[in-house]
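Here are my notes on this model, as numbered points. Please read them with the structure open.

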Amino acid sequence: MKEFRLALGLTQADMAKLIGVSQSMIARCESKKRELATTAHLRYLTLYKTWLDHHKQQKPSKDFSAELIKQNSQIRELLSKRIGDLEFQIKRLNRLLQQQRSRFEELQKLSSMLEIRQQATDYRGAQIWIDYLAHTSISELKHCSPSQQQLVLLQIRNAKNLLLHTQKIMKTLSQTS
């Protein structure tokens, strides 16, 4: 790196500005104590390739410096745009995550209602009530993960089985009375 920098006639500070790092980072890289981060290394390679292309064409050095500054500016603009895009995606994903959490909380409430209803002593109309909750829960399940869907379906199935079992016991008790 040092030989290349000197061939360009740049100071460590100039090289640092071109590739977007500190002057001390350039000093550490030249003394082989550190390596450049990936993005800075890519900018350095772009600079080196541009210099090689320039060296082959024998352009005046002022044009070369202007070209490097222009490329550096373009790279910064592209990176800024990419950062903006990533921030937008993060916000969108956070909104989707919040929606999923809300849906999951709704399903948990429905599940809790089923459990409470299972423990009730009056089972008249319970079959209709459980069917209604099952229908409502299943329509909400379309927006949940497969594991959450399986959990709620299992709870609904258990509620129905418990209701059938309880109804059989109630019939048996009423017949023996």
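Where is Lys32 found? Point 2 takes this up, after a word on the model as a whole.

1. Overall fold. This is a predicted model. The chain has seven helices and zero strands. Along the sequence the pattern therefore reads α-α-α-α-α-α-α, with helices and strands taken as DSSP runs. Buried residues account for 24% of the 177 residues. Of the contacts with a separation of 6 or more, 55% join residues 24 or more positions apart. The chain exposes about 12,900 Å². Carbon and sulfur atoms supply 56% of that area.

2. Lys32. Lys32 sits in the loop between helix 3 and helix 4. Its phi is positive, about 60 degrees, although Lys32 is not a glycine. Most residues other than glycine have a negative phi. Is Lys32 buried or exposed? Lys32 counts as exposed because its relative accessibility is 73%, and the cut-off for exposed is over 50%. Lys32 also helps to line the largest pocket.

3. The largest pocket. About 240 Å³ of space lies in this pocket. Which residues line it? They are Met1, Lys2, Glu3, Cys29, Glu30, Lys32, Arg34, Glu35, Leu36, His41 and Tyr44. By class, the lining has six charged, four nonpolar and one polar residue. Helix 1 (2-8), helix 3 (23-30) and helix 4 (38-57) each supply at least two lining residues.

4. The largest nonpolar core. This core has 15 residues. Those with the most contacts inside it are Phe4, Leu8, Met15, Ile19, Leu36, Tyr44 and Leu47. Helix 1, helix 2 (12-19), helix 3 and helix 4 each give two or more residues to this core. Apart from it lies another core, of five residues. Among those five are Leu110, Cys144, Val152 and Ile156.

5. Leu36. Leu36 belongs to the largest nonpolar core and also lines the largest pocket. Tyr44 likewise appears in the core and in the pocket lining. What does Leu36 touch, leaving aside residues up to four places away in sequence? Its partners are Met1, Ile19, Val21, Met25, Cys29, His41 and Tyr44. Of these, Met1, Cys29, His41 and Tyr44 are pocket-lining residues too.

6. Arg43. Arg43 lies in helix 4. Is this charged residue buried or exposed? Arg43 counts as buried because its relative accessible area is 13%, and buried means under 20%. Beyond residues up to four places away in sequence, Arg43 touches Ile19, Gly20, Asn72, Ile75 and Leu79. Ile19 is also a contact of Leu36.

7. His143. His143 lies in the loop between helix 6 (126-141) and helix 7 (146-176). With a relative accessible area of 38%, His143 is partly exposed. Which residues does His143 touch, again not counting those up to four places away in sequence? They are Gln100 and Arg103. How far apart in space are His143 and Phe104? The C-alpha to C-alpha distance is 9.0 Å, and the two are 39 residues apart in sequence.

Terms used:
Residues are numbered from 1 along each chain as its sequence is written. This is a predicted model: local features need pLDDT of at least 70, side-chain atom pairs count only at pLDDT 80 or more; totals for chains, interfaces and linings use all residues. Side-chain values use heavy atoms; hydrogens and water are left out. On a 1 Å grid over the protein atoms alone, a cavity is a set of points where a 1.4 Å probe fits but cannot get out, and a pocket is an open set with protein on both sides within 12 Å along at least five of seven lines; lining residues have an atom within 4 Å of a point. Grid points are joined across faces, edges and corners, and a volume is the space filled by probe spheres set on the points. Helices (H or I, at least four residues) and strands (E, at least two) are DSSP runs, numbered from the N terminus. Ala, Val, Leu, Ile, Met, Phe, Trp, Tyr, Cys and Pro count as nonpolar, Asp, Glu, Lys and Arg as charged, and the others, Gly among them, as polar. A nonpolar core is a set of buried Ala, Val, Leu, Ile, Met, Phe, Trp, Tyr and Cys residues joined through side-chain atoms within 4.5 Å. Buried means under 20% relative accessible area, exposed over 50%, partly exposed in between (1.4 Å probe, protein chains only). Contact means heavy atoms within 4.5 Å. Accessible areas come from the Shrake-Rupley method with a 1.4 Å probe; for residues, only the protein chains shown count as cover.
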